[in-house]
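Student: I have the sequence and the model open side by side. Could you help me understand the words people use for what I see?
Tutor: Gladly, let's look together.

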Amino acid sequence: MSQHTPKTLGVACLGITHPHTSGRVKAFKRIPNVQFLGAYDSSPLLQPFVEAMELEARTKEEILADPNVHIVLVHPKSYLMADWAIEALEAGKAVLCEKPAGRGSQDTQRIVEAVERTGGLFQVGYCWRFAPSIQKMQEVLQSGELGKVLQVRAHAGCSHDEADSDHMKQPGDRGGAFYVIGCHTIDRILLHFGKPKSLNARITKFPGQMSESAREDAAAAVLNYDDKMVTIDFMSWDPLPWTESWDITAYGTHGSIHARPMPASYKIYHDGKNGHQEGWTTWSETSFPEIWATRKTVYSPDVAEIGNPVYFDREASAFLDSYSNGKPSQVPATQAHNINLLLEAMFASAEKDGQEILLT
């Protein structure tokens, strides 16, 4: 802990209606020397939430003015995320904000500017990237041991029929399940490979097939790089209950790697021509994790709250490492902004029947 870090870290919530809120509150509560100093939301769900989490209901103004509040967890609906995150940054608080950190690039651009203006710590909640399998994939790709990676395939989906929940149909959001959940996979693609130069996409609603009020049913895109092609596909009605189907595979001239976040696992193949023994290396963290989404509650009536704590624990640890040791944010505002730019380009391409969209 640096000399500037207080012995007791004060944490508070601005917004509690996102279904990830309880998981993050519990993760920070497990950390020694953390004290929760209240929660605010205009929603009637605030009272059952603070009772269940054993927190104090406070006003936004009280939380932002409290010098003992050092960290703010921003978890309202998407249309309030940017405003409240910026208010917290301007009040001198470190901010962990649920993804996608707003309704689109117009919001994340404002957050980027606020971070530059205040010099504050801002981390966006792409917790899946802290899986050891994803970190292993990053190491393997950066090592060059697979040779030249020329093709990448990425798949993700939305399970539990959440594509038809109000949470996935927020007025003003750019899309539905692909926007709200698929953004996790866009985060991984940017982490591993950076921004593409252009893309082509199809995002489809099939008449009469699934819920009429839900948004996109399936999505696919080709991301074009100077040295590789990345394809992504997304299924809004994934029958698997966690993220077992979520996989990114990178194909190189001397090997390949498959990695999924939960249950965390990877498979690496080497051809034996680059200093690594020929054959497969496989690793799995566990075969039977505690379920990711458990049940709906009185304070999370729309989408089931999160049951598996491991990713929020890892995410909180990364956030506190940046906060206490002066390290850069591991998932900065610029990452949230680039993810929104890619998603918006995909929807724009789909609206033009897959026309190529250039990315600057």
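Student: Leaving aside its neighbours within four places in sequence, which residues is M346 in contact with?
Tutor: M346 is in contact with F178, I186, L199, A201, I203, A221, L223 and I232, where contact means heavy atoms within 4.5 Å. Please keep in mind that this is a predicted model, in which local features need pLDDT of at least 70 and side-chain atom pairs count only at pLDDT 80 or more, while totals for chains, interfaces and linings use all residues. Residues are numbered from 1 along each chain as its sequence is written, and side-chain values use heavy atoms, with hydrogens and water left out.

Student: What makes a set of residues a nonpolar core?
Tutor: Its members are buried Ala, Val, Leu, Ile, Met, Phe, Trp, Tyr and Cys residues joined through side-chain atoms within 4.5 Å. The largest such core here has 89 residues, and F122, F178, I189, L223 and M346 touch the most other members. Helix 10 (residues 333–351) gives the most to this core, with nine residues. Apart from it lies another core, of 23 residues, among them L9, L46, L55 and A316.

Student: Why is helix 1 called largely enclosed by the rest of the structure?
Tutor: Seven of the nine residues of helix 1 (residues 21–29) are buried, so the name fits. Buried means under 20% relative accessible area, exposed over 50%, and partly exposed in between (1.4 Å probe, protein chains only). The helix itself is a DSSP run (H or I, at least four residues; strands are E, at least two), numbered from the N terminus. The buried ones are T21, S22, G23, R24, V25, A27 and F28. Their cover includes strand 1 (9–14), strand 2 (34–40), helix 2 (46–53) and helix 9 (310–325).

Student: And why is P207 called exposed?
Tutor: P207 has a relative accessible area of 72%, and the cut-off for exposed is over 50%, so P207 counts as exposed. You will find P207 in the loop between strand 7 (198–204) and strand 8 (218–224).

Student: How do you know that the chain agrees with a compact globule?
Tutor: With 360 residues, such a globule would have a radius of gyration near 21 Å, and the chain has 20 Å, so the two agree. The radius is taken over C-alpha atoms, and the globule rule is 2.2 Å times the number of residues to the power 0.38. Along its principal axes, the C-alpha trace spans about 60 × 50 × 40 Å. Of the 360 residues, 57% count as buried.
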